[in-house]
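Colleague: Please take me through this model one feature at a time, with the general idea before each case.

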Amino acid sequence: MDAIFDLTGKVALVTGGSRGIGKEIVNTYAAQGATVVIASRNIDDCNNAAEEVIQKSGKALGVRCDIANLEDITNMYKTVVEEFGQLDIVVNNAGVSITKPSVEVTSDDWDFMFNINIKGLFFSCQEAAKIMMEQGNGKIINVSSIGGLKTFKRIAPYGASKAAVIHLTKSLASEWARYGIFVNGIAPGLISTDINTEEIGDERLLQKMLKMIPLRKLGAPSDIACMALYLASDASNFMTGQTISIDGGVTAE
Ligand code: NAP
């Protein structure tokens, strides 16, 4: 059974792989034998995360890329091809959120979230697909959010950008299936990372949020990384266009 999750010989790129959920996905893939490329805006963080993988006898490379910058995206994919000559798995995980009442959202807030969460993600998928079409195979995994499936107060633009990710995942899966490219997504619920330190650090808010989660607990990055492994592996070879919620039951209600 373990062999079906084996990623030996595969090259995987994880955007936002330097911290939080992305870093856990990086470590999970590396533990399964994949060579991992770790991308974010901060090259030192990427290199440190790569060094941790290498210390455990894995293979890893850090690459600086601001996913909101289309030239950075092109250069990142160029580097992957130059270094490894193949690309089997891409996890579009980099994402940002601004929490505030909708009446206070500025045009800059909107552009910041949409440029990273959906525009950058789309052009990352596009560059990945160009390589994967030539290979005749590839797995793309887009990290959305349950905020793209349900409404939550004070994150309307974030939720809209993540709903767009779910739609895009379906469209690209349908368009690229004939090239052997799988496109699936994950919609995490509340996972303890840097993105929500403020909310989780506020005990009153935390208790309020826990009441909305049927399992009455926060998720861990590993809960998401396990699904990212399934979607990257041969175990998911009859699945495309789907976005799976991992949320302690929130979207079941
Ligand atoms: P995190 O701990 O804040 O990590 C975000 C990662 O993305 C970091 O590596 C960050 O590195 C990178 N990043 C941010 N902006 C970037 C940009 N413009 N270009 C390249 N990399 C960028 O967040 P997380 O909680 O792990 O979230 C990961 C994904 O899960 C996001 O898409 C988020 O929306 C989604 N999600 C998270 C939760 C949750 O509860 N944690 C729930 C639902 C969905 P730099 O800042 O150094 O660039």
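Colleague: At 35% relative accessibility, does Asn-42 count as buried, exposed or partly exposed?

Modeller: Buried means under 20% relative accessible area, exposed over 50%, and partly exposed in between (1.4 Å probe, protein chains only). Asn-42 counts as partly exposed because its relative accessibility is 35%. The model is predicted, so local features need pLDDT of at least 70 and side-chain atom pairs count only at pLDDT 80 or more, while totals for chains, interfaces and linings use all residues. Residues are numbered from 1 along each chain as its sequence is written, and side-chain values use heavy atoms, with hydrogens and water left out.

Colleague: Where is Asn-42 found?

Modeller: Helices (H or I, at least four residues) and strands (E, at least two) are DSSP runs, numbered from the N terminus. Asn-42 is in the loop that runs between β2 (35-40) and α2. Its C-alpha lies 8.6 Å from that of Asp-66, a residue 24 places away in sequence.

Colleague: Which backbone atom lies 3.0 Å from a polar atom of the Asn-42 side chain?

Modeller: A polar contact is a pair of N or O atoms within 3.5 Å; within protein, one must be able to donate a hydrogen and the other to accept it, and residues adjacent in sequence count only if both atoms are side-chain atoms. Here the partner is the backbone nitrogen of Asp-44, 3.0 Å from a polar side-chain atom of Asn-42.

Colleague: Which polar contact joins the side chains of Thr-169 and another residue?

Modeller: The side chain of Thr-169 makes a polar contact of 3.1 Å with that of Asn-142. Thr-169 sits in helix α5, and it counts as buried because its relative accessibility is 0%. Contact means heavy atoms within 4.5 Å. With neighbours within four places in sequence set aside, Thr-169 is in contact with Asn-142, Val-183, Asn-184, Gly-185, Gly-241, Gln-242 and Thr-243.

Colleague: Which residues is Thr-28 in contact with, leaving aside its neighbours within four places in sequence?

Modeller: Ala-225 and Leu-229. Thr-28 belongs to helix α1, and its relative accessible area of 18% is why it is buried.

Colleague: Now the strands. Where is the place of Val-11?

Modeller: Val-11 is in strand β1, residues 11-15. It counts as buried, at 4% relative accessibility. Outside its neighbours within four places in sequence, its contacts include Thr-35, Val-37, Val-80 and Phe-84. Sequence separation and distance in space are read side by side: Val-11 and Ala-177 are 166 residues apart along the chain, with 20 Å between their C-alpha atoms.

Colleague: How far apart in space are Gly-138 and Val-103, C-alpha to C-alpha?

Modeller: They are 42 Å apart, at a sequence separation of 35 residues. Gly-138 is in strand β5, residues 138-143, and counts as buried because its relative accessibility is 5%. Beyond neighbours within four places in sequence, Gly-138 touches Asp-88, Met-132, Gly-180, Ile-181 and Phe-182, by the contact criterion.

Colleague: What is the phi of Ser-57?

Modeller: Most residues other than glycine have a negative phi. Ser-57 has a positive value, near 70°. Ser-57 lies in the loop between α2 (43-55) and β3 (59-64) and counts as exposed, at 69% relative accessibility. Arg-154 also has a positive phi, near 75°. Arg-154 is in the loop between β5 and α5, and at 44% relative accessibility it counts as partly exposed.

Colleague: How many residues surround the ligand, and which are the closest?

Modeller: A residue is near a molecule if one of its heavy atoms lies within 4 Å of it. The ligand is surrounded by 29 residues, the closest being Arg-19, Arg-41, Asn-93, Tyr-158 and Thr-193. A polar backbone atom of Ile-21 is 2.8 Å from a ligand oxygen. A backbone N or O atom of Cys-65 is 3.4 Å from a ligand nitrogen, and one of Gly-189 is 3.3 Å from a ligand oxygen.

Colleague: Which elements give two or more residues to the shell around the ligand?

Modeller: Those elements are α1 (20-31) and α5 (156-176).
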